[in-house]
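Biologist: I would like a close look at a single part of this model, namely how its strands are arranged side by side. Please begin with the whole, so that I can place that part, and then take me through it slowly.

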Amino acid sequence: MEKPPSTSPDDIRDEKVKVLKSTPILTMEDVILGQYEGDPSSEDPEARLGYLDDPTVPAGSTCPTFAAAVLRINNERWDGVPFILKCGKALNERKAEVRIQYRDVPGDIFGGSAVRNELVIRVQPNESVYAKVMTKTPGMSMTSLEETELDLTYKSRYKGARLPEAYERLILDVFVGSQMHFVRSDELAEAWRIFTPILHQIQNEKPVPLKYKYGSRGPPEADELLANNNFKFTGRYKWTAPALSPKKS
């Protein structure tokens, strides 16, 4: 009988390093840089100001406030699967999450009206794990579809439970002598190998970032980059955290 793979902390870190070693250096062809500008039509005075309107920012600064990048992993398991990183300031949402989008189902019987299912791991705010899925609405019709979710929101599922902050976990690890949640030196070196060349290129060449409005999703070119890497954004669905129900007496 085949022995199951080990899940010790050292083995997990070894696997992380293997993945990073299989990741090529990031290039500008797979990166979009942006800088937000004010939205004159906004009712929020802060939203009317762009990054360059800040008196502490040097005039004509090319410092990016948004970045989208596509990484690829050259191994058997992940060959052909893009890993998209996206972050920025003054966007339409403030969140940290991992979003896994599944491929289209072959032989679509709904004529393209069904969008892709997704598994989302939301780190903050409202820690949650949910699957966004297409379902048939109740009734006799076989073509009426809607997007909904199978939701595990921690605050509603585990009422009264206290979730420790990230630094609390790390401090506890220091006290108990565990390195489980710390980055190993070889892992850090591989991560810098991937990003250092492009960081130096941006620093030396100072490319002009693309403009995007305060409160938007970022530069439209970022959505084009995602679409070119087979990620489909529809904008039809927005997840909301479930309201906490009152405790039973």
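Modeller: Before the first number, one term is needed: accessible areas come from the Shrake-Rupley method with a 1.4 Å probe. Please also keep in mind that everything described here belongs to a predicted model. With that term in hand, the accessible surface of the protein comes to about 17600 Å², and 57% of this surface belongs to carbon and sulfur atoms. The protein has 249 residues, of which buried residues make up 24%, and its C-alpha atoms fill a box of roughly 60 × 55 × 50 Å when the box is taken along the principal axes.

The secondary structure comes to 5 helices and 8 strands, and, read from the N terminus on, the elements run α-β-β-β-β-β-β-β-α-α-α-β-α. The chain also brings together residues that are far apart in sequence: among contacts between residues at least 6 apart, 61% join residues at least 24 apart.

Now to the part you asked about. Four strands form an open sheet in the order β3-β2-β1-β8, and their pairing is mixed. Strands β3 (82-88) and β8 (210-213) stand at the edges, and because each has a single partner strand, one side of each is left without a neighbour in the sheet. From one strand to the next, the twist averages 25°.

Within the sheet, it helps to follow one pair of strands. Strand β1 (residues 31-37) and strand β2 (residues 66-72) run antiparallel and are joined by 4 bridges; to find the pairing in the picture, you can start at Gly34, whose bridge partner in β2 is Phe66. Helix α5 (residues 220-228) packs on this sheet and touches β1, β2, β3 and β8, while the direction of the helix makes about 10° with that of β2. Just as the helix can be followed into the sheet, the chain can be followed out of the helix: Asn230 is placed in the segment after α5. Asn230 has a positive phi of about 65°, although it is not a glycine, and because its relative accessibility is 45%, Asn230 counts as partly exposed.

A second positive phi can be set beside that one. Asn126, in the loop between β5 and β6, has a phi near 55°, again in a residue other than glycine, and its relative accessibility of 26% is why Asn126 counts as partly exposed. The loop between β5 (118-124) and β6 (128-136) also holds Pro125, and the peptide bond that joins Gln124 and Pro125 is cis, with omega at about -15°.

Two places involving other helices complete the picture. Ala191 lies in helix α4 and is partly exposed, with a relative accessible area of 26%; the C-alpha atoms of Ala191 and Lys21 are separated by 8.6 Å, although these residues are 170 residues apart along the chain. Finally, a nonpolar surface patch of about 800 Å² is made by Tyr167, Ile171, Leu172, Val174, Phe175, Val176 and Phe182. Of these, Phe182 is found in the loop between α3 (166-176) and α4 (185-205), and because its relative accessibility is 32%, Phe182 counts as partly exposed.

Notes: Residues are numbered from 1 along each chain as its sequence is written. This is a predicted model: local features need pLDDT of at least 70, side-chain atom pairs count only at pLDDT 80 or more; totals for chains, interfaces and linings use all residues. Side-chain values use heavy atoms; hydrogens and water are left out. Two strands pair if DSSP finds at least two bridges between them. Axes are lines fitted to C-alpha atoms, for helices over the stretch in contact, and angles run from 0 to 180 degrees between N-to-C directions. Contact means heavy atoms within 4.5 Å. Patches are made of residues with over 30% relative accessible area and no salt bridge: like charges are joined within 9 Å, nonpolar side chains (Val, Leu, Ile, Met, Phe, Trp, Tyr) within 5 Å. A salt bridge is a side-chain nitrogen of Lys or Arg within 4 Å of a carboxyl oxygen of Asp or Glu. Buried means under 20% relative accessible area, exposed over 50%, partly exposed in between (1.4 Å probe, protein chains only).
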